[in-house]
Structures are given as C-alpha cells and as structure tokens.
Amino acid sequence: MAREKSDSANVKKAAAEKKPVEKEIPAAVSPASTAKEAAPAPEKTAAAKKKTAPAAKEAEPAPKAAPAAKEAEPVKKAAPATKETEPAKKTAPVAKEAEPAKKAAPAAKEAEPAKKAAPTAKKAEPAKKTASTAKKAEPAKKTAATKKKAASADKRKAKAPVVEPESTPAVAEPAPVMEEPNLPRRSVAFIGSECHPFVKTGGLGDVMYALPRELARLNCDVRVILPRYACIPQEYQNKMIYRGEFYMDLGNTGRSYYVGIMEYIWDGVVYDFIDNEEFFSWGNPYTNLVDDIPKYCFFSKAALAALNYMNWIPDVVHCHDWQAALVPVYLRTLFKDSPVGRARSVITIHNLRFQGVYNIPTIKYWSGLPDEAFGMGALKQDWVEANMLKGGLAYADRITTVSGTYAWEIQTSEYGERLEDHLRYHSHKLRGIVNGIDYGMWNPETDPALAENYSLGNVLDHKMANKLALQKELGLEQDTGKFVIGLISRLTNQKGLDLVNAIVPQVLDGNTQVVVLGTGDKQYEDAFRAYEGSYKGTFSACIQYDEGRAHRIYAGADALLVPSRFEPCGLTQLNAMHYGTLPIVRETGGLKDTVEPYNEFNGEGNGFTFDRYDAGLLLDAINRAKSLYFNNRYHWDEVVQRDMAKDVSWEKSARQYKDLYLELTQW
Ligand code: ADP
C-alpha cells in the first residue's frame, strides 16, 4: 500500500551496509548465532536521529551508516463546468494491433499513574495494575535518570495539544446507527500503522478507516490503536484528549520508555494514539528499517500495554501488516498472563511483500521476545534474519488477506515472497476477505471534490462535465470525444508500470488521453514526466499525492488502468467502478476477484482484463476497451451503470470479519 514500506531486499541492503559498531549492546544472542549475528544491535546514531524525513512516499530503506550501539539517548524533543451532455462525436479510431511489446515484563512499568493527567474531556480511568502487567510505580524513588526522563516526558506532555473539554468535545460526531443491534456484541482492537484521515499512504489507511466503522454498525465495540505520528494533521491533533501515560521497558535496551495515550472518538470508533516522540516524530510514518524495526517493536508492545493500562480488554486483537505483526507474538509470550492475554488474535496481510526482516540480534534486542519466538517455525527466517510478519503469522489465531485469489496466490512460489511454505503450513487458519470501499468517502453524488456530482440515475448526463473539468485542470485538450484513461498508483514495480511505459506511444492514437497520478520510484516518475513533455495536451503526469485530484480523475476518466504484477486486493478499481469508470486490470489477486471481464457476446462484465504479465496483452485490453467505447457506446454506457450499481461497499466483507471474530470467540 502506498506506504513507504521497507522490503526485505532493502533490509538486506541496509544490513549489508552496516559498519562495525562501536560499542556492544547487551543484546540477547541466540546460541545458534554466528559471529556475524552476534554483532551488537544497531541503534540510531545521533546523526541518524536528526535526519529529516524523506519526502518521497516510497522511501527506500536508506543504506544508512551502521547505527552505533551507543547508549540510547533520552527521548527527543517535540516534533511532534458546465454540463456537457453531448455524446462523443468522434468516429472510432482504428485500434492498433496489439504488438507483443516487450516477560514477563509485559509491559509496562507504569511509572506514572494517571494522576498526572491533564484535563480531559473524558475522565481517564485509573490505571488498574495487575501483577503481571505493571511494575508498581514508585515516583518518589526516581533516580536521577528517571527524573530526567520524567522531566522530558513532562515537557512533551506540555507540548501535547491537550484540549479542554469545553472547547473540544471528545465525541466529535454522533455514533453510527446500529443496523442490527441484536447481533452478538464483540470488542475488537485494531492495531496498525496508518489510518485515514490521520495518516495514509495507501490502501491500508483506507481499510483501517472504513472497516472499524462498518464493524461498529454490526454491533462491535471497536478501538483503533495507532502511532501518534507528528505528521498527523493539526486539526486532528487538536481533537485528541489525553488519556493517560505510563512507562514501559523495551527489549534489552535497559531503558524505560514513555507511552502516552491520546484519544479521539469519532463515529462510534475510539482512536487511541500511542505517543512517544522518540519513535514517532518523523514527518513520514515509514523511513527505513533501521528506524522502523525499533519503532514498530515499541508500537506493538505499547499497544498491548496500553490496552492493559486502560483496562479495556478486547475479545479480539486484529493487527495489520508487519508493522503490527509482533502483536500476536507478544500476546502469547510476554503478555500471556496479563489481562489482554485472553484476547484472540487475527492478523491481516495487506501486502506480503513487506515483512519487516532484519538480523536476529537486532530484532531480539528491540523486541525482548524470548528465544522460543525465534525458532524456524516462528520469527527465524534463516541463520541470519528474523521476519516479524512470519512470527505474527505463526502466533495468530487466524490469518486473513484481502482477497480470495491472493490468499491462494501467496501459497505459491510466484507470489509467496519466500513465505509460501510457511503460509501453506498455516493454511488452515488463512482466509481471503475482499476489501470494500467506504461509501461515505467515495460517493460521486456528494463528493465535494467533483466539478459536478452525479449518481447512477444521471451519470450519463454528468460524467462528461467532469471529463471536461479534469481536462481543463490538467491542461489537456478539452474534448469530450477523447477517451481518457487514468492511472492512480504508487509508482513502484508492483503496479505494472513497466508495461504501461512500454506502450504509451501506441495508446496515444490521437483519440486517447492518459492521466497519471502518483509518486514513487524515480525511474517511473521521470518516464511519465518525459511522456508529458513529448505529448503535451494528451498525456498528464501528476507526480504528487493529491486526494482531491484522485477523486476528480475517478470521476472524469472513462477507464482506469491497474495492470499490477501482483495486487492483494486493490482499491482503485473499486473506486473507479463506483464512479462509473471502467477498470482495465490484470487478472491477479483482488483485481481478478472484483472485475469480471467484459464479454462482447453477451454484454456481461465490469471491465477489461488480461492475464499474463505482458505489455502486448495490456495494449490488447486497452484496445478492446476503446473499441467498445468508440464503436458501441450504448453497451459501454450499460457497463458504466452496471459498475456504479455493483455493491463494492464494506458491508458484506465486514460481516465476514464479524463472523470470523464470532468463530474465534464462541461463548
Ligand atoms: P496500494 O495500497 O497498494 O497502494 P490500493 O489500490 O490498495 O493500492 O490503494 C491505493 C489507495 O491510495 C486508493 O485509495 C488510491 O485512490 C489512493 N492513492 C494512491 N496514489 C494516490 C495519489 N498519488 N494521490 C491520491 N490518492 C492516491
């Protein structure tokens, strides 16, 4: 998902470029460790800490200098148109022949109970300590070091926008209408690294936003636990209220880390943000693995400790992707005897490519997980590396991924990203549940970003106005007769952009325009910019992340390209269909499950598809779409309306998740 995630290849790169460390960290080293493994765990250098967050979304784990194993520093300081109804007049262009182109420490030393609490709109519950979760706070006995930490924490807290209850009510919006209040109630804690509208770099952010809201309507009590990144817009920071704080040890660092909890309640969902400026002060959620591994070890452990601290023990802990993959592992090890230890766990794979792989000593050092978690059946990947996602998959009670086809594909060597054997072993607990889209967020009838709103009943009258407005906005020739193809994507290898690159000149036949919106790998950004330069008025390259523009492309384009090499689910094809824009997709993962190929003989289908990863086949699919658009507009329009009528909402999928929770908690 459009996150700058660090992949395993990059991990290796980063690991390989580590320089000898200066000081040894007392990291636990597995007996099987080689001399190389025994290298002290890297820790951030001061220079690394000062580094500014990279601007590009798809940040590669920078081959940073080896983090020196020096003693961790104290926590860092705050970072914290007019209606155009005429049908196209153009005659059909001749479609070009497709050419084959080429411990028990759970947790928390709760050093500072909630007595320090700043004014909160919702009364912070007193911290309930259990023997297993909390070491009794002893503020009076603070050492000089802890006093320093506390002072720094106080400073942090002073900066936290704690809002008086009078000025910002905790409950910003009315609770959702409970559609079926008689359904059995379950409580679920969502734990993940991004969530719209606070922080989103791709589909994970959409899911973390939409699924909890839908589950709330199905009588689930949902809490979403997120890092409190400094990049969360101020308008949301202002709405958060202080819920409490405590201190937690982390791995073998020998340090006690501040964990603040800031809360925001919105539309029936409680959002709890884990606050710690040392880990979350970057401008971007993801930076590189050297920083991200400690960050998400801390986050996973702090999330569970926070549940204990708030005394809110969910029936199910539902965690997402590698960033939260240690949650199920912690749950069954360090937290097993704490209150939250009774929760069942589900892990969802949104993209198997990103796994959180790093050398064993480092992950041991930061996670503090016992040796048993580092067996070949769990975190251990090979003699050198540990894989956080692999561990999560082993320890979770259920594994889901975001489409049925992807659930099957990831058990093959082609798509398994080296975890196919592990996934086949755990296939009895693996399930595919396709994503939906949030109809509140994606609704052409009410979308404020559009030039003209429209619905299923009047799409044919209004879509042209959106096309003209889009062409004007992007400096393209304003002509409703042109066939406009959109592409909204992270510009990475996964998304099939080499195929697109190879055929742009053949696609641009004088009757077609192409609009690309995305950021990512420089090679694709440059290639698309070059096409814009060569095909002025016909090709638009928007190298940016722009939500509003994305909405206008969905509304103004005729077709949307998603030629991915692999695609766990894909949301852009769903957005496009809901906006009456026909998808042209490769038959893989969720694209295969959500787009039925148009059948020219019986007129059925939702879009245009191709199977093998081949530029010629992509061109052929585009030409089939053009051919229908220019030669048989009546049938094209039928498909437009069929796509808008198709149910791509979260409702069905949310029920499947709810069923899964019920299956896990049969009492
Ligand atoms: P992935 O999660 O792999 O990036 P998805 O198709 O699952 O891909 O989700 C992508 C989401 O991010 C969609 O909601 C899409 O509209 C949005 N998106 C992607 N790139 C951009 C961009 N450059 N500007 C605005 N929205 C974008």
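Confidence comes first. This is a predicted model, and its average pLDDT is 81. Of the residues, 73% score at least 70. One stretch stands out: over residues 1-174 the pLDDT is below 50. That stretch still makes 383 contacts in the model, beyond near neighbours in sequence. Please be careful there. Where pLDDT is low, the predicted coordinates should not be read in detail.

Now the inside. In soluble globular proteins, nonpolar side chains tend to be buried together. Here, the largest nonpolar core has 183 residues. Which of them have the most contacts inside it? They are Phe198, Tyr271, Phe298, Leu379, Phe528 and Trp636. Helix 7, residues 289-310, gives the core its largest share, 15 residues. The core also draws on two domains, with at least three residues from each. Domain 1 covers 2-436 plus 654-664, and domain 2 covers 459-647.

Let's take Phe528 from that list. What does Phe528 touch, leaving out residues up to four places away in sequence? The answer is Leu491, Leu497, Val500, Asn501, Val516, Phe539, Ala541 and Ile543.

Next, Val259. You will find Val259 in strand 5, residues 256-266. Is Val259 buried or exposed? Its relative accessibility is 0%, so Val259 counts as buried. Its contacts, without neighbours within four places in sequence, are Gly244, Glu245, Phe246, Met248, Ile274, Asp275, Phe298 and Ala302. Phe298 was also on the core list. One distance for Val259: its C-alpha atom is 9.7 Å from that of Phe273, which is 14 residues away along the chain.

On to the aromatic rings. A pair of aromatic rings is described by the distance of the centres and the angle of the planes. The count here is 38 aromatic pairs. Look at Phe198 and Tyr236. Their ring centres are 5.2 Å apart and their planes meet at 85°, so this pair is edge-to-face. Why does this pair tie together parts that are apart in sequence? Phe198 lies in the loop between strand 2 (186-191) and helix 4 (203-217), while Tyr236 is in helix 5 (residues 234-239), so the pair links parts 38 residues apart. Phe198 has 3% relative accessibility, so it counts as buried. Tyr236 is at 12%, and is buried because the cut-off is under 20%.

A second pair is Tyr365 with Trp366. This one is edge-to-face, at 5.2 Å centre to centre and 90° between the planes. Tyr365 is buried at 3% relative accessibility. Trp366 is buried at 2%. Both belong to a cluster linked by ring pairs. The other members are Tyr229, Tyr257, Phe279, Phe280, Tyr286, Tyr296, Phe298, Phe299 and Trp322.

Rings also meet charges. The charged end of Arg213 sits over the ring of Trp266, 5.0 Å from the ring's centre. Lys364 does likewise with Phe374: its charged end sits over that ring, 5.3 Å from the centre.

Last stop: helix 16, residues 547-556. How many of its 10 residues are buried? Seven are, so the helix is mostly covered, with buried meaning under 20% relative accessible area. The seven are Arg549, Ala550, His551, Ile553, Tyr554, Ala555 and Gly556. And what covers them? Two of the helices that do so are helix 13 (459-474) and helix 17 (572-578). The cover also includes strand 13 (483-488), strand 14 (512-517), strand 15 (539-542) and strand 16 (559-562).

Note on methods: Residues are numbered from 1 along each chain as its sequence is written. This is a predicted model: local features need pLDDT of at least 70, side-chain atom pairs count only at pLDDT 80 or more; totals for chains, interfaces and linings use all residues. Side-chain values use heavy atoms; hydrogens and water are left out. A nonpolar core is a set of buried Ala, Val, Leu, Ile, Met, Phe, Trp, Tyr and Cys residues joined through side-chain atoms within 4.5 Å. Buried means under 20% relative accessible area, exposed over 50%, partly exposed in between (1.4 Å probe, protein chains only). Helices (H or I, at least four residues) and strands (E, at least two) are DSSP runs, numbered from the N terminus. Domain bounds come from an automatic or database domain assignment. Contact means heavy atoms within 4.5 Å. Rings of Phe, Tyr and Trp (its six-membered ring) pair if their centres lie within 6.5 Å; planes under 30 degrees apart count as stacked, over 60 as edge-to-face and the rest as tilted. A charge sits over a ring if NZ of Lys or CZ of Arg is within 6 Å of the ring centre and within 35 degrees of the ring normal. pLDDT is the predictor's confidence in each residue, from 0 to 100.
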